[in-house]
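Biologist: I am new to this model and would like a close look at one part of it, the small sheet, followed by whatever lies beyond it. Please walk me through it slowly and explain your terms as you go.

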Amino acid sequence: MTLLKGLKILDFSTLLPGPYATLMLADLGADVLRVESASRPDMLRDGYPRDGKESVNHGYINRSKKSITLDLKNAEAIEIVKKLVAEYDIVLEQFRPGVMERLGLGYEALKEVNPKLIYCSITGFGQTGPYRHRPGHDNNYLSIAGVASYSGRKKGGPAPSGIQIADVAGGSLHGVIGILSAVIYRNRTGEGQWIDISMTDCSFALNATVAAGYLMGDITPELEGTFLNGGNFYDYYETKDGRYFSVGSLEPQFRKLLCKGIGRADLIELSFSEKEEDIHAFKNEVKNAFLSKTFAQWQKVFAEIEACVEPVLTFAEACLHPQIVNRGMIVKVPRTNGGYQKQIACPIKTSVFKPDYKHPGVGLGEHNEEIVLPLEQLLK
């Protein structure tokens, strides 16, 4: 049994925010059909490394989805979309505000075709406001949302993130939440709706641990100035051989184990001081302690101690970590022409459902003959 069996989604998005959202929905059993341009293909298809003609990034982000190509500036293509919308539950798009309306595919136009339609727009700044037409990227949204201002080091400034926080945590995940909430609402009322997801709004909402302090206490978060961004001993520490460990030993029982683990039980009392100079002194002692042993030596020490201290693994090491392996977080997705691609698994596990990984992302317009051609014939 699939959790979202029967839910049909038309996906007009490219790159990461929209496609990652529909990847999650496809993994949960939704039927996702990508509507793409033949003349301006998704840039994700052109990345490296490749598996045959397509990039493996495309293979992962667009797995289990079908693909058709349409020229949305063509009147016949618009009619084909409307024919599809009559049978589909959800439209997801991430064009700039107004583009779908100009094409005749805005929410109000498609609502006339399917009153129960759920229409989700994912954009950088949302459908309203002075920045609604402004271009942007992940780091721009994090900057406008205030997140970048206190994420990094005092000496180095804001730190580039290894993952796309605004795109995925902002756009994709909030988009999925909005869509599934709308599905529940429609099941109760029979009504569709338009969902306006701004990656900047959603990034702003991620200021979860500092917002109240500023809004009600006028405390501005700064680089290395909060409990969780380097202002305390909760941090990353370099080892003798240039690797790093994460220390998150905030609770008293974990803090005591940290001190014992680094061979400095004498620091326990100092670790509980709330004086700024003592906090810095304790952090400095922890720093010096980690520099005294190699990465491998500290791995051995903290493998036996549950102190919320873990090694900073490379992605290659993470793939082999026994916890990741045990949870089945890497799967083999079968290619339609034989063989498979290794990909990250769906992280959502339930007692009644296991994902069915149909295939990696398919070729551009691979399902035109199956889906578009019959509709073209109907329109003639």
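Modeller: The part to begin with is an open sheet of three strands in the order β11-β12-β13, whose pairing is antiparallel; strands here (E, at least two residues) and helices (H or I, at least four) are DSSP runs numbered from the N terminus, and two strands pair if DSSP finds at least two bridges between them. This is a predicted model, in which local features need pLDDT of at least 70 and side-chain atom pairs count only at pLDDT 80 or more, while totals for chains, interfaces and linings use all residues. Residues are numbered from 1 along each chain as its sequence is written, and side-chain values use heavy atoms, with hydrogens and water left out.

In the three-stranded sheet β11 and β13 are the edge strands, each pairing on one side only, and neighbouring strands are turned by 30° against each other on average, direction ignored. Four bridges join β11 to β12 (residues 244-247) in the antiparallel sense, and within this pair Y237 stands opposite F245 in β12. Helix α13 lies across β12 and β13 and runs at about 30° to β12; such angles run from 0 to 180 degrees between N-to-C directions, with axes fitted to C-alpha atoms, for helices over the stretch in contact.

The loop between α13 (295-303) and β13 (309-311) holds C308, a residue other than glycine whose phi is positive, near 60°. Because its relative accessibility is 36%, C308 counts as partly exposed, a class that lies between buried (under 20% relative accessible area) and exposed (over 50%), with a 1.4 Å probe and protein chains only. The loop between α9 (211-217) and β11 (235-238) contains E224, which is not a glycine either and has a positive phi of about 50°. Most residues other than glycine have a negative phi, and most peptide bonds are trans. A cis peptide bond is found between Y48 and P49, with omega of about 0°, and P49 belongs to the loop between β2 and β3 (50-51).

From here we can turn to the other sheet, which is open and has six strands in the order β5-β2-β1-β6-β7-β10, paired in the parallel sense. Its edges are β5 (66-69) and β10 (193-198), each with a single partner strand, so one side of each has no neighbour in the sheet; the twist from one strand to the next averages 20°. Toward one edge, β7 (residues 118-123) and β10 pair in parallel over six bridges, with T123 opposite S198 in β10.

Helix α3 packs on this six-stranded sheet, touching β1 (8-11), β2 (31-36), β5 and β6 (90-93), and its direction makes about 155° with that of β1; contact here means heavy atoms within 4.5 Å. Helix α16 lies across β2 and β5, running at about 45° to β5. The two helices also meet each other: α3 (residues 75-85) and α16 (residues 368-379) pack at an angle of about 110°, with their axes 10 Å apart. They are therefore roughly perpendicular, given that angles under 35 degrees count as roughly parallel, over 145 as roughly antiparallel, 65 to 115 as roughly perpendicular and the rest as oblique. On the α3 side the contact is made by E76, E79, I80, K83 and L84, and on the α16 side by I371, V372, L375, E376 and L379.

Within the same six-stranded order, β1 and β6 run parallel and are joined by three bridges, L10 standing opposite V91 in β6. On its other pairing, β6 meets β7 in the parallel sense over four bridges, where V91 stands opposite Y119 in β7. Both faces of β6 are covered, since I90 and L92 on one side and V91 and E93 on the other are all buried.

Y119 returns in the surroundings of Y107, a residue of helix α5 (residues 107-113) that is buried because its relative accessible area is 6%. Leaving out residues up to four places away in sequence, Y107 touches L117, Y119, G192, Q193 and W194.

A last residue to look at is Q343 in strand β15 (residues 340-344), which has 5% relative accessibility and therefore counts as buried. The side chain of Q343 makes a polar contact with that of R63 at 3.0 Å; a polar contact is a pair of N or O atoms within 3.5 Å, of which, within protein, one must be able to donate a hydrogen and the other to accept it, and residues adjacent in sequence count only if both atoms are side-chain atoms.
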